[in-house]
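Colleague: I would like a close look at a single part of this model. Please go through it step by step, and explain the terms as you go.

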Amino acid sequence: MTSQIDAVSFSALVARKLIPVIAALMLLGNDAVADESLFSNEASSANSSAGIRPVEPRRYQPAAEPARIVEEIPNTLFRAQAFRADEADVPVLRLDLPAPSAAAAQIASEPPIRPRQIGFNRRIADFLEQSLATSRSWRWQTLASGERITRLQIASPGAAALRVGIRVRELPLQGELRFFSGQADRGRAYRIRTKDVLQLVEQNRSAGERAGSNPDVYWSPVLEGEKAIVEIRLKSQADLDKVDLEIDAVSHLLIDPKQSSIIFPNAAANCNLDVNCYSTVNQNGDDISNAVARMIFTSSEKTFICTGTLLADRMDSKTPFFLTAHHCISTAAEASSLETTWFYESSACNSDTQSADTRSRSGGATLLEAYVNNDMTLLRLNEQPPAGVVYAGWFSDSLSEQYTAIHHPAGDWKKISFGTHEGLYSCGIDSSDQFTCLLNPAGNFFGIFIDKGWLEGGSSGSGVFKDNAYLVGTLTGGNGVCNNDFDYYGRFQVGYDNGINKWLENKKIGNLENPSPSSYQSGITLISGWACVPGANQGTPEIGQVTIEIDGSTVLQAGYGTKRGDTRSVCGDDDNGFGLLINTNGLGDGAHSLRALADGQEIGRASFTVTTLGVDYLKGVEAAYVVPDFPYSGQNVVLRWQEHLQNFAIAARNVSNNQRVAEQAKAGTEIMPELRRLAVDSAVARTVPQASATSSGYLENPQPASYLSGIALFSGWACRSDAEIGRVDVEIDGTLYRASYGTKRGDTREICGDSDNGWGLLFNVGLLSDGSHIARALVDGSELGRANFSVTTLGTDYLRGAGGTYRLMDFPKTGDSVVVTWQESVQNFVIKEANVR
């Protein structure tokens, strides 16, 4: 530029030019003025990251392609000869929507005031009877193999492509969802396992305030054409009563982003430069353009296109960290809908043919960080990208440096632009809905004068690179014309200071899950959670030890390494669980505090309250109570004392003698019902420790013929005289789950010669069916012990929003009483108060 500007302000109506900041996400309020920055500079400055050490780009070339969450399969649905005989007549429920209005169909051609929009969502219930879209009304057919199958077809006339949004309330673990394009000649088809769908949805739900709208909606891959077919297949043993789905919406796409057409790849202005006409190879021989991917994602209302960049971490773990703009993706629900397209570019400089290397990934992503102050979001892709991509390096920006921008303007094939760093700015949306930037030496953005090329809607979130190696910022917005453009990038070093550093520098992270803050604890409790070093090399110990500090003095070592599949999206692997079994009766009544530390670094703390029954271990007591109107009005559950847990467990649900239930609650006690004790069967015999010439051990929980409910603990101890124990597994109904091993158990020292012999597995038995089950403990494959136990579920895998507090009379002995309260975090009742004489 010939002169430096003090401020840049431009209207949201500039034709074709991106102004990609979403006002709804960044609203200052009616009293906002033009010189206010939407993005706070708090805790950041121009020199705050002067010590950043650059990370080099790394090429990804695995020996074999890793497994994918969403797998593309042949679209054989319309080929009669491809059907097995028993599949040919599977009924198809048709959900045919009316054609959208002309106004809706033109929405994508309006001036962009947000990421490039390519579609709009149409809720099924707005056009059809909602019951038709719910699984309770679907027809299932049983195949000769015993597999159950149902199909639905959704049509939205005039759509170039569709995404189907399925609201997932409950779904059996064993099965898969299949999606077919309605275009029989060239449409694609995909499948995903039901357990992966459940994990994606649960991941959204657990994101708290960052979950976004409709976190329980799973979005299908993009399907070509105006019709899409959904097929649900369940294994023969699956319970159809546990299928609770709804076709919530379709996203009606006005362009087909998977096809080269009159719109793609010619969507961008003709002054955009083909990336393949310029060298993007760095001094290490890596092509930095292979770090860039086009993004397709769906919000609660629309589908958009942006650009993002794959980032390396310092340990070269190949964890697929992915950087884009906050105004593109800012919620977990949006992240989970992400579909990335790699090598989406011409086959050669200015060629009219598309690269044969183009690949898509539809497994979504996990939201890690989302920052408004520099408009930046860090994701972790749920699937590895295709072979041949490059993990971009990263560094800080500097005035007057020459940079290269690589992006997908308007969703087009990959383009390139060139410019110069012109200074630091503060940027935001003002009261006139204008995107305004002001020069600020401590700004969270930097400006670039683009003198070769251009950027458009769809370029949002794309990276700008130094030396074809280091990402230094992500695109927020700009103003100008071809070859004379001024654009603003969120500074990477601000995002680094915001918290991205803990991921890319592979710092220890984790979560203390139990006890939860301000909770009640009673009896035998498992202190548990997870810890990892994000992106650490898999197959090597990430953390030496996890210790638990109680009340600032007592320090105990927890077992570490339990399989936690739900941490894979965050950690890159799943051997991250930790657990420590303690008898809270030994802590004494009252308030206590606890900290969890990974190699000395705190990863969580909680305060909790303990209520004892006057002894460290209550023996010889049997008791049961019926709790009325739980979990819902008109229902009931039976609580039964379990000595080995020193707590109550749910032993039955909806007992038939309603009169007996009603009689338990004394009149005039609506605030806290007082429940009378029931007669119960005598206790069963308990098991004794197992021993052989070379090994000893004990399956302590569960005990034979016991009851388990909620988040249950499977635990015991084991040691060997001839060798170190490699692993302890718990087999539940034939399925293996790895337990954490190495918890301190001083009571085993006399037998084992040391004390690091405890093992434990925390398991949600709500995932099991009602009735009897078998658990086996295995030490390096050899059986240590087994027990049968009974499970009573509450009609859902995880009960949310329920509550209840009850006084159990005459426990533990006549004239005594205890108060129990429902605690969602453990999916069970805990003792909150005791009146023991």
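Modeller: What follows is a walk around one strand, its partners and its surroundings.

First, the ground rules. This is a predicted model, in which local features need pLDDT of at least 70 and side-chain atom pairs count only at pLDDT 80 or more, while totals for chains, interfaces and linings use all residues. Residues are numbered from 1 along each chain as its sequence is written, and side-chain values use heavy atoms, with hydrogens and water left out.

Our part is strand β54, residues 817-823. Strands (E, at least two residues) and helices (H or I, at least four) are DSSP runs, numbered from the N terminus. Seven of the seven residues of β54 are buried, so the strand is largely enclosed by the rest of the structure. Buried means under 20% relative accessible area; exposed means over 50%, and partly exposed is in between (1.4 Å probe, protein chains only). Ser 817, Val 819, Thr 821 and Gln 823 point one way from β54. Val 818, Val 820 and Trp 822 point the other way.

Now the partners. Two strands pair if DSSP finds at least two bridges between them. Strand β53 (residues 805-809) pairs with β54 in the antiparallel sense, over five bridges. Here Tyr 806 stands opposite Val 820. Strand β55 (residues 828-835) also pairs with β54 in the antiparallel sense, over seven bridges. Gln 823 has Asn 828 in β55 as its bridge partner. β54 and β55 form a hairpin, with four residues between them. In that turn, Gln 827 has a positive phi of about 55°.

Next, look at the rings. A pair of aromatic rings is described by the distance of the centres and the angle of the planes. Rings of Phe, Tyr and Trp (its six-membered ring) pair if their centres lie within 6.5 Å; planes under 30 degrees apart count as stacked, over 60 as edge-to-face and the rest as tilted. By this rule there are 27 aromatic pairs. One is tilted: Trp 394 and Phe 492, at 5.4 Å centre to centre and 40° between the planes. Back at our strand, the rings of Trp 822 and Phe 829 have centres 5.3 Å apart and planes at 70°, so this pair is edge-to-face. Both Trp 822 and Phe 829 are buried.

Phe 829 leads to another residue. Val 627, in strand β40 (residues 624-628), is buried with a relative accessible area of 0%. Contact means heavy atoms within 4.5 Å. Leaving aside neighbours within four places in sequence, Val 627 is in contact with several residues, including Tyr 806 and Phe 829. The C-alpha atoms of Val 627 and Leu 808 are separated by 9.4 Å, yet these residues are 181 apart along the chain.

Last, return to the turn, where there is a cavity to see. On a 1 Å grid over the protein atoms alone, a cavity is a set of points where a 1.4 Å probe fits but cannot get out; lining residues have an atom within 4 Å of a point. Grid points are joined across faces, edges and corners, and a volume is the space filled by probe spheres set on the points. There are four cavities of 30 Å³ or more. The largest holds about 100 Å³ of space. It is lined by 16 residues, and Gln 827 is one of those closest to its centre, along with Gly 710, Gly 766, Thr 793 and Leu 794.

Terms used:
1 Å grid on protein atoms, 1.4 Å probe; cavity = no way out; pocket = protein on both sides within 12 Å on 5 of 7 lines; lining within 4 Å.
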